[in-house]
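Please open the model in your viewer and keep the sequence panel beside it. The stops below suggest what to select next and say what is there.

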Amino acid sequence: MKTIIHKAEDRGYANHGWLQANHSFSFAGWYNPEKVHFGALRVLNDDIIAPKMGFGTHPHDNMEIITIPLKGVLKHRDNMHDDWQPVVPGEVQVMSAGTGVQHSEINGSVDEYLSLFQIWIVPEEQSVKPRYGQKKFNEEDRKGKLQTLVTSFKDKDNDSLKIHQDAKLSRIDLREGESFTYDLKSEAHGVYVMTISGGVSISDINLKSRDALGVSETSDFKINATEDSQLLFIEVPMISL
């Protein structure tokens, strides 16, 4: 099994006043040649956005974009929808940028900060028709067991959101002392494990809140919770970019 550890304090950081952003991979003005991507996973930004602030209308193309609000209210608008779409914790948003999409993302609250993960995955198909999806996931369904959030259009899972890549995004909440074995779809895949909160041990590597571990060249791996923990798994093909 091959592992690469990304400690929370080693991420890129940008403070724009209205936006505090932590970058797991090279993004915008922060570049680290050793942290450009993990397989098809290109971006994992951990953003905190001030009330009433956000990203103005801007374009994307040929990228699968997943947003997971952790606290607060996100509001989204794009050129596929006229109205602002609220996205709240417990929900996940996906957008296939494909041939091109214009969108805006703002904090929908006037007094509460918005915390979210923004994830970009390189698609396996170029220039697809742009598409938007959003779904609520029950917190109870990830207590001690894997809750699948996002899979490929080619995957037969009908309860997940869909993207144009053979990827799988999932979450699990573990109590202190619990263990879980993650089984990969393929040994050609890798899994980027983000510790949302708490602490876990994987292959004798200890991870705390916002630490991440890339795991590859294995069919499975075991996780032991050293305290109550929430984990995000991003499984992707280990392609070169």
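## A tour of the chain

Begin by selecting Arg142, which is buried at a relative accessible area of 7%, where buried stands for under 20% relative accessible area, exposed for over 50% and partly exposed for the range in between, with a 1.4 Å probe and protein chains only. This is a predicted model, in which local features need pLDDT of at least 70 and side-chain atom pairs count only at pLDDT 80 or more, while totals for chains, interfaces and linings use all residues. Residues are numbered from 1 along each chain as its sequence is written, and side-chain values use heavy atoms, with hydrogens and water left out.

Arg142 lies in the loop between β12 (131–136) and β13; strands here are DSSP runs of E with at least two residues, helices are runs of H or I with at least four, and both are numbered from the N terminus. Show the residues around Arg142: leaving out those up to four places away in sequence, it touches Phe137, Gln147, Arg171, Ile172 and Asp173, a contact being heavy atoms within 4.5 Å.

**The whole chain**

Now zoom out and colour by secondary structure, which comes to zero helices and 22 strands. The C-alpha atoms fill a box of roughly 45 × 40 × 40 Å along the principal axes. The radius of gyration of 17 Å agrees with the value near 18 Å for a compact globule of 241 residues, both resting on C-alpha atoms and on the rule of 2.2 Å times the number of residues to the power 0.38. Of the 241 residues, 52% count as buried, and of the contacts with a separation of 6 or more, 71% are between residues 24 or more positions apart.

**The cores**

Which residues have the most contacts inside the largest nonpolar core? Select Leu41, Ile66, Ile119, Ile121, Val150, Leu232 and Ile234 within this core of 26 residues; a nonpolar core is a set of buried Ala, Val, Leu, Ile, Met, Phe, Trp, Tyr and Cys residues joined through side-chain atoms within 4.5 Å. Among the elements that give two or more residues to this core are β4 (41–49), β6 (64–71), β11 (114–121) and β22 (229–237). A second, separate core has 17 residues, including Tyr182, Val200, Ile202 and Phe221.

Return to Ile234 and display its contacts: beyond the neighbours within four places in sequence, they are Leu41, Leu44, Ile119, Ile121, Lys168, Leu169, Gly190, Val191 and Tyr192.

**Two positive phi angles**

Most residues other than glycine have a negative phi. Select Ser203, in the loop between β18 (200–202) and β19 (205–207), where phi is positive at about 50° although the residue is not a glycine. Ser203 is partly exposed, with a relative accessible area of 45%.

Move on to Arg210, in the loop between β19 and β20 (212–216), which is likewise not a glycine and has a positive phi of about 70°. Is Arg210 buried or exposed? With 17% relative accessibility, Arg210 counts as buried.

**Tyr13**

Finish at Tyr13, placed in strand β2 (residues 12–15) and partly exposed at 45% relative accessibility. Apart from neighbours within four places in sequence, Tyr13 is in contact with Gln20, Ala21 and Asn22. To link back to the start of the tour, select Gln147, one of the residues that Arg142 touches: Tyr13 and Gln147 are 134 residues apart in sequence and 30 Å apart in space, C-alpha to C-alpha.
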